[in-house]
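Biologist: Please take a close look at the strands of one sheet for me, and then follow the thread outwards to the helices and loops around them. Keep it chatty, but give me the residues.

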There are 2 protein chains.
Amino acid sequence: MKLPTSVTIKEVGPRDGLQNEKTVIATPDKIEWINRLSRTGLKHIEVTSFVNPKWIPPLADSFEVAMGIERVEGVTYSALVPNMRGMEGFLKANLDEVAVFMSATETHNQKNINKAIDETFPVLKEVIDEALKNGKRVRGYVSTVFGCPYEGATDVQQALYVSQKLLELGIHELSLGDTIGVANPLQVQRVLEVFLREIPAEQLAMHFHDTRGMALANVVASLQLGLTTFDGALGGLGGCPYAPGASGNVATDDLVHMLHGMNVQTGLDEAALIASAQFMQDKIGRPLPSHTLQTVNAC
Amino acid sequence: MKLPTSVTIKEVGPRDGLQNEKTVIATPDKIEWINRLSRTGLKHIEVTSFVNPKWIPPLADSFEVAMGIERVEGVTYSALVPNMRGMEGFLKANLDEVAVFMSATETHNQKNINKAIDETFPVLKEVIDEALKNGKRVRGYVSTVFGCPYEGATDVQQALYVSQKLLELGIHELSLGDTIGVANPLQVQRVLEVFLREIPAEQLAMHFHDTRGMALANVVASLQLGLTTFDGALGGLGGCPYAPGASGNVATDDLVHMLHGMNVQTGLDEAALIASAQFMQDKIGRPLPSHTLQTVNAC
């Protein structure tokens, strides 16, 4: 099994995790949580989303969070920015990195950002240009790369088209999202083989959800093709609160536990990660789906 | 990714799953559940354990269950048999296949069956001889192959020694157990490479627990080495009831969903599996850890 010696983990729990949780987390708790995350060895934390609070009420305090956190040296703090209005807040808070997002499938893009795919690029171009002009790097999320809740299987050429357009607009890294957690390892391999013919592994990150329990298997399939950047949410935040098994993002703690077990370095402190996951679990008020956390919790 | 075209799934939920559940399931419900399982396409169901009821109270009704189930043609019904006393019940119930078990590590073997490893073989020999004399095949479980709760890492040569002794005693198949769910895909590959030098893949089954979320990743690692028999428990039964994420056996429904998605045939009907998992979930009275089941349940 060919594995890289080290990988980079990007923590998206404060954004992708919390935006899907029903429990409202108080702003000071979010800030304390992010400050704890900054001391786990993480080098990249996505702290919030500058979207219209009407769309995502749990992240309505984006500006307060972004202004309130400690900015530890060596850690990149990023936030989702959908448009120029969000860009204003981002620049005022002076975070380090912008993240833009769109979908690989028309229907999901339409439902999620109310625009056709080709109408989305000009809006993102504005944001990306403004970010670059202000010396900020931009990361791009492509959702529904492996399957769409409305269209079913995603055409890999369509996903590649969207991805390449984003790269042309000036993003430095693409995060390929299995938004609804349907990808399997064979599919991951096949999709990545197509992508890797056009885009170097260094520009790709994988963003898996554990909805059907395949997230870690998909990580291993990606590692074997040379991918070295993975998104995770501590504790597996972001699952449906009414179904313990229906996880959200792959749990950063599960991911790191597996990687360390296979001698793949992450630079992260497992005990500090678990302590941070427990902190947020207490605030959320229910057991989080992370397997590693639960083995610590109880059995 | 080199994958087999088809695999065999052996359902251990009624035994390995229920023996670890705190909720006591009524005998008629167990029987009805097994009867439903027999109509999912499963060809092998481990229905109970003829151990001393003092050890495993949830399976104290082993004889009633074994006598009460429908015996569908083409399905092998097996049960765990630890000793000659258990063998009496097994033969009286006239199930199809005996399963014997022991551990790869001394301490776990001592704690689990109160004997040293080398003292265990003569006891199992008696059971195996009696089974073979009565025209019954014998399957052998080796526990703690990838790690032991008392000894930590397991010496692969010790696991191989126990396995080879069991094969010499006349078992037809070895089920290699990651009893505490600590194996990672790299370790699975390394251990299996050692085993496959001595034992053909056709004589090996893999028995993963999803304690740390790596079960499906470990299945994929095994598939890539040509393994084609996997144990599962429907719904991921057998987890700690107080920790939703701390799963028991890999969920048969998750396993089958992944395999079918990768065009690996199992002969199983996914909808019938989910319906059977829901039946037992209702009896257990809490959401089971299976991811696939939970996506159906709620979100």
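**Strands first, then helices and loops**

Modeller: Let's start with strand β5 of chain A, residues 137–143, which is mostly covered, with six of its seven residues buried. Bear in mind that this is a predicted model. On one hand, β5(A) has strand β4 of chain A (residues 97–103) as a partner, and the two pair in the parallel sense over seven bridges. If you want a spot to click on there, take A:V98, which stands opposite A:V138 in β5(A). On the other hand, β5(A) pairs with strand β6 of chain A (residues 173–178), again in the parallel sense, this time over four bridges. For that pairing, try A:Y141, whose bridge partner in β6(A) is A:S175.

Earlier in chain A there is strand β2, residues 44–49, and this one is mostly covered too: six of its six residues are buried. β2(A) pairs with strand β3 of chain A (residues 76–80), and the pairing is parallel, with five bridges. One pair to look at is A:E46 and its bridge partner in β3(A), A:S78.

Now hop over to chain B, because residue 78 is worth a look there as well: B:S78 is buried, at 0% relative accessibility. You'll find B:S78 in strand β3 of chain B, residues 76–80. What does B:S78 touch, once its neighbours within four places in sequence are left aside? The contacts are B:H44, B:I45, B:E46, B:V47 and B:T48, plus B:L95 and B:E97. For a sense of scale, B:G238 is 160 residues away from B:S78 in sequence, and their C-alpha atoms are 18 Å apart in space.

B:T105 is another covered residue: with a relative accessibility of 3%, below the 20% cut-off, B:T105 counts as buried. B:T105 sits in the loop between β4 and α5 (106–113) of chain B. Skipping residues up to four places away in sequence, B:T105 touches B:I117, B:T144, B:C148, B:E151 and B:T154.

On to the helices, beginning with chain A. Helix α4 of chain A (residues 84–93) and α6(A) have axes that come within 9 Å and cross at roughly 20°. An angle under 35 degrees counts as roughly parallel, so α4(A) and α6(A) are roughly parallel to each other. Their crossing is right-handed. Who meets whom? From α4(A) come A:M84, A:M87 and A:L91, and they meet A:E126, A:V127, A:E130 and A:A131 in α6(A). Sorted by class, this contact has five nonpolar residues, no polar ones and two charged ones.

Chain B has a helix pair to set beside that one. The axes of α4(B) (residues 84–93) and α6(B) (residues 117–133) come within 9 Å and cross at roughly 20°. That angle makes α4(B) roughly parallel to α6(B). The crossing of α4(B) past α6(B) is right-handed. In the contact, B:M84, B:M87 and B:L91 of α4(B) meet B:E126, B:V127, B:E130 and B:A131 of α6(B). By class, that gives five nonpolar residues, no polar residues and two charged residues.

Further along chain B, look at helix α10 (residues 252–261) and helix α11 (residues 270–284), whose axes come within 10 Å and cross at roughly 165°. That angle makes α10(B) roughly antiparallel to α11(B). Here α10(B) passes α11(B) in a left-handed crossing. The residues on the α10(B) side are B:D253, B:V256, B:H257 and B:H260, and they meet B:E270, B:L273, B:I274 and B:A277 in α11(B). This contact splits into four nonpolar, two polar and two charged residues.

Last stop, a couple of loops with an asparagine in each. A:N114 lies in the loop between α5 (106–113) and α6 (117–133) of chain A. Its phi is near 65°, which is positive even though A:N114 isn't a glycine. Is A:N114 buried or exposed? With a relative accessible area of 61%, A:N114 is exposed. The other one, B:N94, is in the loop between α4 and β4 (97–103) of chain B. Phi of B:N94 is near 55°, again a positive value in a residue other than glycine. B:N94 has a relative accessible area of 42%, so B:N94 is partly exposed.

Conventions
Residues are numbered from 1 along each chain as its sequence is written. Chains are lettered from A and ligands numbered from 1 in the order in which they are written. This is a predicted model: local features need pLDDT of at least 70, side-chain atom pairs count only at pLDDT 80 or more; totals for chains, interfaces and linings use all residues. Side-chain values use heavy atoms; hydrogens and water are left out. Axes are lines fitted to C-alpha atoms, for helices over the stretch in contact, and angles run from 0 to 180 degrees between N-to-C directions. Angles under 35 degrees count as roughly parallel, over 145 as roughly antiparallel, 65 to 115 as roughly perpendicular and the rest as oblique. A crossing is left-handed if the near helix is turned anticlockwise from the far one by less than a right angle, and right-handed if clockwise. Contact means heavy atoms within 4.5 Å. Ala, Val, Leu, Ile, Met, Phe, Trp, Tyr, Cys and Pro count as nonpolar, Asp, Glu, Lys and Arg as charged, and the others, Gly among them, as polar. Buried means under 20% relative accessible area, exposed over 50%, partly exposed in between (1.4 Å probe, protein chains only). Two strands pair if DSSP finds at least two bridges between them.
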